Amino acid sequence: MSAVEILRTRKGGARRLATREEQAVLVCLGACLAAILLASVLLTGCPPGVAVVSLEFDDTLANQLSARSILAEHRMHATFFVNSGRLDRPGYLTVAQLRALASDGHEIGGHTIDHARLPGLPAGELRRQICDDRRALLALGFDVSDFAYPNGDHDGASAEQVRSCGYESARKVGGVGFPPCIFCPRAETIPPRDPMATRTPGSLRRVHRLPRIQALVRRAQQDGGWIQLTFHHLCDACDDYSISREDFSTLLGWLAEEREAGRVVVVTVRQVIRGETPPPRRLAVE
């Protein structure tokens, strides 16, 4: 061992300097670690501490119209997944109401013609439920690019049909766990791991009180990711799958506070899928 390879310490001991081969290994390990960290930032699309939240309504229900004023009050936009065959029927949204929502900047998405369960359908009916639903909404003047599987039920055939019908994404049920699920993913990545099966906590119900919904957002903030909050009825205990107007308003007020603090970004599904998610306020360039 040469004198150059020996480093004398204050205590008189000696430490061998790394050889060129060992240095090369260290450099390679450092580069790999940096690449992993960079990939994690790119996959989430936002920094740790920030959650991207999408507010979503399924099934074309008439009482969802009352969300319009609450969303406007808090300067937020939602995505409404619509069954074209239900429009203008009793208990459901009308075409005029849907156009009013779209004129406010809310996204209109597809949800099949009449909420059919897709797995197991014959190919022709599968195509009709998905493609004809989108064509009907496009014919009404809506820009329809995203889809939600009824009840989250899907398989390979339905996912491929959604893609071939021109949709850019499709939402399933599950894949993101409610607290205190330790090993469940906290949020969907941005861009999603599978655009034709984006992961969610599932539909929100009356038993999911505000603290539990807020906990979903806080979990997503830990890593920086996308959380989809899926609602159905907006009413006072009219259905198991419901949230009251008061609770919805309180939730949006809290999200607005988190948005002002730079911890939340509230956007539509289309904005997430197309990479149009704006930076959080505190990180925006003035």
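Let's start with some vocabulary: a residue is buried when its relative accessible area is under 20%, exposed when it is over 50%, and partly exposed in between (1.4 Å probe, protein chains only). This is a predicted model, where local features need pLDDT of at least 70, side-chain atom pairs count only at pLDDT 80 or more, and totals for chains, interfaces and linings use all residues. Residues are numbered from 1 along each chain as its sequence is written, and side-chain values use heavy atoms, with hydrogens and water left out.

**Exercise 1. Get your bearings.** How many helices and strands are there in the protein, and what percentage of its residues count as buried?

*Solution.*
Step 1: Count the elements, which are DSSP runs numbered from the N terminus (helices: H or I, at least four residues; strands: E, at least two). You get eight helices and twelve strands.
Step 2: Apply the burial cut-off, and 47% of the 286 residues count as buried.
Step 3: Now look at contacts, meaning heavy atoms within 4.5 Å. Among contacts with a separation of 6 or more, 71% are between residues 24 or more positions apart.

**Exercise 2. Sort two salt-bridge partners.** Are R117 and D153 buried, partly exposed or exposed, and which parts of the chain does the pair tie together?

*Solution.*
Step 1: D153 has a relative accessible area of 24%, so it is partly exposed.
Step 2: R117 comes out at 51%, so it counts as exposed.
Step 3: Check the bridge itself (a side-chain nitrogen of Lys or Arg within 4 Å of a carboxyl oxygen of Asp or Glu). The side chains of R117 and D153 pass, at 3.4 Å from N to O.
Step 4: R117 sits in the loop between β5 and α4, and D153 in the loop between β6 and α5 (156–164), so the bridge ties together parts 36 residues apart in sequence.

**Exercise 3. Compare two more bridges.** How far apart in sequence are the partners in D58–R171 and in R135–D132?

*Solution.*
Step 1: The rule gives 15 salt bridges in total. One of them joins D58 to R171, with the closest N and O atoms 2.4 Å apart.
Step 2: D58 is in strand β3 (residues 51–58) and R171 in strand β7, so count along the chain: the pair links distant parts, 113 residues apart.Step 3: Both D58 and R171 are buried. E56 joins D58 and R171 in a network of salt bridges.
Step 4: Turn to R135 and D132, whose closest N and O atoms are 2.3 Å apart. These two are three residues apart in helix α4, which puts about one helical turn between them.
Step 5: Here is the background: an α-helix has 3.6 residues a turn, so residues three or four places apart point the same way.
Step 6: D132 has 30% relative accessibility, so it counts as partly exposed.

**Exercise 4. Explore the cavity.** What is the volume of the largest cavity, and which element gives the largest share of its lining?

*Solution.*
Step 1: Know what you're looking for: on a 1 Å grid over the protein atoms alone, a cavity is a set of points where a 1.4 Å probe fits but cannot get out, and lining residues have an atom within 4 Å of a point. Grid points are joined across faces, edges and corners, and the volume is the space filled by probe spheres set on the points.
Step 2: Searching the whole structure turns up one cavity of 30 Å³ or more. The volume of the largest cavity is about 40 Å³.
Step 3: List the lining: F81, D146, F147, S169, A170, R171, T198, W226, Q228 and V269.
Step 4: Two or more lining residues come from each of β6 (146–148), β7 (169–175) and β9 (225–231). The largest share, three residues, belongs to β7.
Step 5: Sort the lining by type (nonpolar: Ala, Val, Leu, Ile, Met, Phe, Trp, Tyr, Cys and Pro; charged: Asp, Glu, Lys and Arg; polar: the others, Gly among them). That gives five nonpolar, three polar and two charged residues.

**Exercise 5. Two residues from one loop.** Is T112 buried or exposed, and which residues is L121 in contact with beyond its neighbours within four places in sequence?

*Solution.*
Step 1: Find T112 in the loop between β5 (107–110) and α4 (123–139). L121 is in the loop between β5 and α4 too.
Step 2: T112 has 0% relative accessibility, so it counts as buried. L121, at 26%, counts as partly exposed.
Step 3: Leaving out residues up to four places away in sequence, T112 touches V82, N83, S84, L118, Q129, D133, F147 and P150. With its neighbours within four places set aside, L121 is in contact with A116, L126 and Q129.
Step 4: For T112, look at the side chain as well: one of its polar atoms lies 3.3 Å from the backbone nitrogen of A116.

**Exercise 6. Look at helix α3.** Which residues of helix α3 are buried, and what do they pack against?

*Solution.*
Step 1: Go through residues 95–103 and pick out the buried ones: V95, L98, A100 and L101.
Step 2: Follow their packing, and you reach α2 (67–73), β4 (78–82) and β5.
Step 3: Step just past the end of α3 to G105, which takes a positive phi of about 105°.

Methods
1 Å grid on protein atoms, 1.4 Å probe; cavity = no way out; pocket = protein on both sides within 12 Å on 5 of 7 lines; lining within 4 Å. Polar contact = N/O pair within 3.5 Å; in protein donor to acceptor, adjacent residues only side chain to side chain.
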